[in-house]
Amino acid sequence: MFGQLPQLEFDGQKLAQSMAIVRCIARKAKLDGATDEEFYASEMLLELSVECYDALKAAFVHEKMGVPTDKVDELKAMLKTLFGHMERLVDASRGTAGDLATVASCVVCEEFNLDELLTDAPKVKAYYEAEKATRDELF
């Protein structure tokens with residue numbers, strides 16, 4: 001659509017932009033929350049996941065480019081803060097797109113000492129570990 005990836009053709013529509021695709025699939029699969037409160041929480045978790053990915057991308061680039069350790073540590077602290085925010089919103093029993101995006105955020109942060117990043121987010125960690133166990137069984 002915009003000459004970029006990701007792109008998805010869905011119900012005869014061409015979709016671009018990763019979060020637009022996530023939201024469209026979530027809506028079709030009814031993973032966007034059964035109530036307004038669940039929808040709001042899911043949306044906030046999706047946006048926190050975007051912030052997490054952006055911080056992770058910056059930390060990864062800085063670390064690979066040899067940027068001073070304090071800058072990488074600052075970004076890791078930001079990731080820890082974002083997981084703390086996710087902790088207040090995540091609900092594994094709900095299984096909305098936002099809840100699942102929280103798990104995806106954990107997966108992409110595995111390289112940056114995930115245990116340390118999740119010290120203040122025990123619900124997020126438990127949800128991630130349960131999903132990881134399921135993935136390990138399947139693959």
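Colleague: Which element of the protein chain has the lowest mean pLDDT, and which the highest?

Modeller: This is a predicted model, and pLDDT is the predictor's own confidence, on a scale from 0 to 100. Among the elements here, β1 sits at the bottom with a mean of 82, while α5 is at the top with 90. For the protein chain, the mean is 85, and 94% of the residues reach 70 or more.

Colleague: Okay, on to helices. What should I look for in α4?

Modeller: Start with the general idea: an α-helix has 3.6 residues a turn, so residues three or four places apart point the same way. Now the case. Helix α4 covers residues 97-108, 12 residues, and spans 16 Å from its first C-alpha to its last, close to the 16 Å expected at 1.5 Å a residue.

Colleague: And which residues of α4 are buried?

Modeller: They are A97, G98, D99, A101, T102, V103, S105 and C106.

Colleague: There's an aspartate in that list, D99. Which side chain does D99 meet in a salt bridge?

Modeller: In general, side chains of opposite charge can pair when their charged atoms come close. D99 pairs with R94, at 2.8 Å from N to O. D99 counts as buried because its relative accessible area is 0%.

Colleague: How many salt bridges does the count come to?

Modeller: The count comes to 6. One of them joins the side chains of D11 and K28, at 2.9 Å from N to O. D11 lies in the loop between β1 (7-10) and β2 (13-16) and K28 in helix α1 (residues 18-28), so this pair ties together parts 17 residues apart in sequence. Unlike the buried D99, both D11 and K28 are exposed.

Colleague: What about K125, which residue does it form a salt bridge with?

Modeller: That would be D115, with the closest N and O atoms 3.1 Å apart. The pair links distant parts of the chain, 10 residues apart: K125 belongs to helix α6 (residues 122-138) and D115 to helix α5 (residues 114-117). K125 is partly exposed, given its relative accessible area of 25%, and D115 is partly exposed too, at 46%. There's also a network: salt bridges with shared partners join R23, E43 and E47.

Colleague: Now for empty space. How much of it lies in the largest pocket?

Modeller: The general trick is that rolling a probe the size of a water molecule over the atoms shows where empty space is left. Here the largest pocket holds about 440 Å³. Elements giving two or more residues to its lining are α1, α2 (36-65) and α4.

Colleague: Which lining residues lie nearest the centre of the largest pocket?

Modeller: Of the 18 lining residues, those nearest the centre are M19, V22, S49, A101 and A104. A101 is also one of the buried residues of α4. By type, the lining splits into 13 nonpolar, 3 polar and 2 charged residues.

Colleague: Last one, backbone angles. Where is Q17 found, and what is its phi near?

Modeller: As background, most residues other than glycine have a negative phi. Q17 goes the other way, with a positive phi near 80°, and is found in the loop between β2 and α1. Its relative accessibility is 40%, so Q17 counts as partly exposed. K30 also has a positive phi, about 60°, although it is not a glycine. K30 has its place in the loop between α1 and α2, and at 69% relative accessibility K30 counts as exposed.

Definitions and conventions. Residues numbered from 1 in each chain as written. Heavy atoms only, no water. Helix = DSSP H or I, 4+ residues; strand = E, 2+ residues; numbered from the N terminus. Expected span 1.5 Å × (residues − 1). Buried < 20%, exposed > 50% of the residue type's maximum accessible area, 1.4 Å probe, protein only. Salt bridge = Lys/Arg side-chain N within 4 Å of Asp/Glu carboxyl O. 1 Å grid on protein atoms, 1.4 Å probe; cavity = no way out; pocket = protein on both sides within 12 Å on 5 of 7 lines; lining within 4 Å. Points joined across faces, edges and corners; volume = space filled by probe spheres on them. Nonpolar A, V, L, I, M, F, W, Y, C, P; charged D, E, K, R; others polar.
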